[in-house]
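Q: Could you take a close look at the place where the two chains meet? I would love one connected account of that part.

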There are 2 protein chains.
Amino acid sequence: VKINSGFFEAFYDHGVTSFYRLVREAHEHGLLVISDVKRGDIGSTAKLYARGHLEAPRFRDVDPAMIPDAVTLAGYLGRSAAQPFIDIAVREGKGVFILVRPSDPGADEVHEFGDSRKFYEHMAALVRAWGQGPGLVGECGLSCVGAVVAPKDAVSTAALREAIPQTPFLVPGYGAQGADAGACRPCFRPQGDGAIVNASRSVIYAFENPKYSEQRSDGWQSCVAAAARDFAEDIRRCTSARPAGAGAMHESR
Amino acid sequence: VKINSGFFEAFYDHGVTSFYRLVREAHEHGLLVISDVKRGDIGSTAKLYARGHLEAPRFRDVDPAMIPDAVTLAGYLGRSAAQPFIDIAVREGKGVFILVRPSDPGADEVHEFGDSRKFYEHMAALVRAWGQGPGLVGECGLSCVGAVVAPKDAVSTAALREAIPQTPFLVPGYGAQGADAGACRPCFRPQGDGAIVNASRSVIYAFENPKYSEQRSDGWQSCVAAAARDFAEDIRRCTSARPAGAGAMHESR
C-alpha cells in the first residue's frame, strides 16, 4: 500500500502519530508500505529526513514496524538530496521512488520545460544514474531507485520506459485521475513487470460509486475490497506476458 | 527565525510535537517564524499540507500560535501545488517561499538544466507569475509569494533580482555554506530591502567557533547571541542604502 503523508500532516503531530500507527498496522497485515512523503532537501538535511522516514530506528523503544519499506522523493535538489535515502535502501533492502513525471496536468509547466530535451527526460537520466552501482540493482535487473512516472501518451511513456530500463516505475494517475490499465501498459517492461500502479481515490471512496454501493449493502469495507480486486484484475489483464507478475518493488528486494 | 522540519522529523511524531512547540515558543518571544518544510504535492494533497503547515487551525483545541507565518515550498509540481498555500497567505497575511535556486552545489545538476534558458530562470518566471494578482502584492511592492534564491555569482544573481522585482528572496548559503554578506548583496533591491538572509549552522553552533568560545565562558547561549548579532550587523552593513532596512517578509505584511 501507498500512504500519503499529507492527509495525516493536516492534523499536526496527532496526524503524524496516526501515520506511523497505520504503517505498523499495514505491516501486521503483511503488506509492504510505500510512504508518499515527496521530501527533498540538501544533503545535510536529507540525512535527517531519511532517519525519520526510511532508516531502521536508532532507539530501542521505537518499533521498527512503524518505518516504511519505501518512500517517494523530490530529487530536484540533486544527487546529494537523494543519496542518504539510497544508502539506506541498499543497506536495508528498501526502495525509493523519485518524481520524474508527475500525474497532475499542472506539473507539465515544469516538467515539459526544455527545447530538444525535456526536463522530465533530464530528471529520468539523473534517476537512472543515481540507481546504478554496486548493490543497487537486483537479480531481476531492477534498481532500488525507482521513478514516479505518470502514464501520459503511449509513445513518450514507452520511450521513457526504454530510456531507463533498470528503473522500477511507481505509476500514479489510474482511476480517479483518469488513466486506465491500457494507458499504464507502456510503464511495464516487455515481460510484464517493472511497474507498480497505484489507485487511491477510486478504491478508498468506492462506497461513493454506485457500481459498488448499489450491489453491496454490507458497508464501505466491502465496496473498497471489491474495487481493489477489480483494480488488480484490470492491471493483471494488461500485463498479460506474466499473468501473475508481481510488482517491481517486491522483485527488487 | 527559520526552523527546518527535517531535524525534528528525524524523531518521528515526537519530533513533530517538538517542532510545533518550538514555533509557539518563538511566537511567545515575538518572532516571525518561517517553517522550512519544502513540501510539494499535487493540488488535492497540497490543500492538506497547507492545513497542517500554514492555515489557521480549524479546531478549537489547537493553539493558533503553533502555526508558522510562512513556509518554504517545492514548486516543481506546478501552480496547483502552490496555490492552496498562496490562498492562505493572502487570506491570513502570511507568506510562502518557493525554491528557485537552492544553495547546495549538487542542486545545480537540476537547476542549470537548459540551453538558452536555464531551469532556475524558468522556475523564477513561474514564481513571479504565481505571485501576481489582486491582494498578493503589498504597498511596498513585494508579493507574499517569495523565492528561495542562493547567492551564486553576482552577475546572475543581479539578473534574477531584476527579472522578478516583486518577489522577496529568502537567501540561504550565508556562513557555514560559504557565502558572505557581499555575495548576498545582489539579492536585495537597490533600496536595500527585498531579501531575508538566513544563517543556520554558523549561528547555532557558534560555541564550536574559537572566535566566540574563547572569549565567552558563560555558555553556548552567549556565543549564539554574539554570532547572531555579528551576522545581523554584517548584513546591515551590506544593505547600506537603508541602514535599518527590515526584511522583506515584515514589509509585505
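A: Happy to; here is a walk through the interface between the chains. This is a predicted model, in which local features need pLDDT of at least 70 and side-chain atom pairs count only at pLDDT 80 or more, while totals for chains, interfaces and linings use all residues. Residues are numbered from 1 along each chain as its sequence is written, chains are lettered from A in the order in which they are written, and side-chain values use heavy atoms, with hydrogens and water left out.

Chain A brings 60 residues to the contact and chain B brings 60 residues (contact means heavy atoms within 4.5 Å). Together they bury about 4500 Å², with 63% of it on carbon and sulfur atoms; buried area is the accessible area (1.4 Å probe) that two parts lose on being put together, summed over both.

Four salt bridges cross the interface of chain A and chain B (a side-chain nitrogen of Lys or Arg within 4 Å of a carboxyl oxygen of Asp or Glu). In one salt bridge, Asp41(A) pairs with Lys38(B), and their closest N and O atoms are 3.0 Å apart.

As for symmetry, a turn of 180 degrees and a shift of 0.0 Å along the axis lay chain A on chain B with an RMSD of 0.0 Å (least squares on the C-alpha atoms of residues with pLDDT of at least 70 in both). The two copies are thus related as by a two-fold rotation axis. Of the interface residues of chain A, 100% are also interface residues in chain B, so the copies meet through the same surface.
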